[in-house]
Amino acid sequence: MAASLASDGKRPWHVRLSQHLATRVSSLKPPSNVRFENPFRVLGLLNRKQWLFFLVAFAGWTWDAFDFFTVSLTASSIAESLGRTVTDITWGITIVLMLRSVGAIVFGLLSDKYGRKWPFIWNCVLFIICEMGTGFVQTYEQFLAVRALFGIAMGGIYGNCAATALEDCPLVARGIISGMLQEGYALGYLLAVIFNRALTTTTSHGWRSLFWFGAVPPVLIILFRICLPETETYKAQKNMERASHKASFMQMAKASFKNYWHIMIYLVVIMAGFNFMSHGSQDLYPTMLEVQLEFGANKRTVTMCVANLGAIAGGMLFGHMSDFMGRRLTIIIACTLGGALIYPWAFVRNGGIMAAVFLLQFMVQGAWGVIPIYLSELSPPALRAFIVGLAYQLGNLASSASSTIEATIGMRFPLETPADATIKRYDYAKVMASFMGCVFGFVLIVSFLGPENRSADLSVGHAFESQRDEEYEYDVEKSPPDDAEKNTPAQHQDTQVA
């Protein structure tokens, strides 16, 4: 795709678009000179500081997921406590997703202008305040208000974590580190499941105890981040700004918006699909197990643990695979296999449900494992935290009603409910299966049509040189010749900086 769809004296926009579309199939072919690398050898290339940056980013992203899923795991208990329906409580999830884009804008710009460190720390402080507040709410209106503020706090963390973990990462380790970082989301879900079982049904305060506990680990994460410096890439950006007035943050930001606007639109569209994929398969699933399948607390906990173990394994494997197969092809494979697993995931009722839920989340989070590095490689370095975070959270905004849509449509398919039951039963599985089939198809098509910039130079110096020479352009007219590939084995770019 070209940097602008308007004519710039080189080629008309419709010519660039047609050339881009003509290469969608050929660009999926993995380069012949890139081979599978031993993941343990690849991980050994990270130095101590790079590992610490990854670990603090991983911890922040993990607890972001933990905090989010505490509501979906306790939805029925909160509904009973506040005298509302489960559908009403899912609006708490929807509001969080809707307002996370506000946090992405605020904290993303702060992270790109003032550094990765202190915006991350203040983000975690807001986590503490909002988690404590959720545990003390007494009315439905208070619940929605606190979750709305919590959505803003949660929205700022993703772009910062991705930048912190990946921008100093060795080139050959990007894929597997991307997969490992993203699966902090699955680990957070797993921890939420475990502590929900440990606290919600065993303490006198029930679901409130889970939220109060959730306010504690961010204190440790804050102390961890205080001990670390800024990333080398960010420090290089600041040095460049000081060395040349042409490289000021605002000028680079304006140039980034001017030249990357079409990429930003694409990132929002694909992230909408990805967020529909994750929230559509996860948010209402615990409720389905409890209300529709009538699983007890122990069986629900085991099922969700199995699902998240599959997610963690899938994200790491597919993230690493994307380094030699390509980002888009890896996503397409995961979506295709995920679609084939929808029926057993939704309708198996015997012991096979464990295998089905493991494999479906293996594919869902396998595709997600590519996302941190895929977004980072397509984003302008000067606004990496902002663009990655905003694209992710605008996708969340688009998918914010996932659980509410599923719960509302599910009410059209009532099941027999015992007379003494306090919550009515509905056939959520039927709705979730149809929903996920549509989502897998959408993500597959958008990924197929989209660009790729694998092995891109993530340094801001590279970006500045391109901006100064007016060379920010994604060019898909031709691939590098075989000899060039041999000389630069890491490069395989469908969308290259000219």
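This is a dialogue between a learner and a teacher about reading a predicted model of a protein.

Q: How many helices and strands are there in the protein?

A: A first look at any model can begin with its secondary structure, and in this predicted model the protein has 25 helices and two strands. The chain holds 498 residues, of which buried residues make up 60%. Among contacts between residues at least 6 apart in sequence, 84% join residues at least 24 apart.

Q: Which residues touch the most other members of the largest nonpolar core?

A: A nonpolar core is a set of buried residues joined through side-chain atoms. In this structure the largest such core has 135 residues, and Ile177 and Phe274 are the members that touch the most others. Helix α3, which covers residues 48-73, supplies the largest share of this core, namely 13 residues. If we set aside residues up to four places away in sequence, Phe274 touches Ile331, Ala367, Trp368, Ile371 and Val443.

Q: At what angle do α3 and helix α7 pack?

A: To describe a pair of helices, we ask for the angle between their axes, and an angle over 145 degrees counts as roughly antiparallel. The axes of α3 and α7 (residues 140-155) are 11 Å apart, and the two helices pack at an angle of about 155°, which makes α3 roughly antiparallel to α7. Their crossing is left-handed.

Q: Which residues of α3 and α7 meet?

A: On the α3 side they are Asp64, Asp67, Phe68 and Val71, and these meet Phe143, Arg147, Phe150 and Met154 in α7. Sorted by class, the residues of this contact comprise five nonpolar and three charged ones, with no polar residue.

Q: How do the axes of helix α22 and helix α23 cross?

A: The same kind of reading applies here: the axes of α22 (residues 402-410) and α23 (residues 428-449) come within 8 Å and cross at roughly 130°, and the two helices are therefore oblique to each other. The crossing in which α22 passes α23 is right-handed. From α22 the contact draws on Ser402, Ile405, Glu406, Ala407, Ile409 and Gly410, and from α23 on Tyr428, Val431, Met432 and Phe435. By class, this contact of α22 with α23 has seven nonpolar, two polar and one charged residues.

Q: Is Arg425, in the loop between α22 and α23, buried or exposed?

A: A residue counts as buried when its relative accessible area is under 20%. Arg425, which lies in the loop between α22 and α23, has a relative accessibility of 15% and so counts as buried. Measuring from C-alpha to C-alpha, Arg425 and Met411 are 8.5 Å apart in space, while they are 14 residues apart in sequence.

Q: Where is Glu294 found, and what is its phi?

A: Glu294 is found in the loop between α15 (285-292) and α16 (297-325), and its phi is positive, at about 55°, although Glu294 is not a glycine. With a relative accessible area of 51%, Glu294 is exposed.

Q: Which residues is Met316 in contact with?

A: Met316 lies in helix α16, and at 33% relative accessibility it counts as partly exposed. Leaving aside neighbours within four places in sequence, Met316 is in contact with Ile176, Gly179, Met180 and Glu183. Met316 and Glu183 are 133 residues apart in sequence, yet their C-alpha atoms are 7.4 Å apart in space.

Conventions: Residues are numbered from 1 along each chain as its sequence is written. This is a predicted model: local features need pLDDT of at least 70, side-chain atom pairs count only at pLDDT 80 or more; totals for chains, interfaces and linings use all residues. Side-chain values use heavy atoms; hydrogens and water are left out. Axes are lines fitted to C-alpha atoms, for helices over the stretch in contact, and angles run from 0 to 180 degrees between N-to-C directions. Helices (H or I, at least four residues) and strands (E, at least two) are DSSP runs, numbered from the N terminus. Angles under 35 degrees count as roughly parallel, over 145 as roughly antiparallel, 65 to 115 as roughly perpendicular and the rest as oblique. A crossing is left-handed if the near helix is turned anticlockwise from the far one by less than a right angle, and right-handed if clockwise. Contact means heavy atoms within 4.5 Å. Ala, Val, Leu, Ile, Met, Phe, Trp, Tyr, Cys and Pro count as nonpolar, Asp, Glu, Lys and Arg as charged, and the others, Gly among them, as polar. A nonpolar core is a set of buried Ala, Val, Leu, Ile, Met, Phe, Trp, Tyr and Cys residues joined through side-chain atoms within 4.5 Å. Buried means under 20% relative accessible area, exposed over 50%, partly exposed in between (1.4 Å probe, protein chains only).
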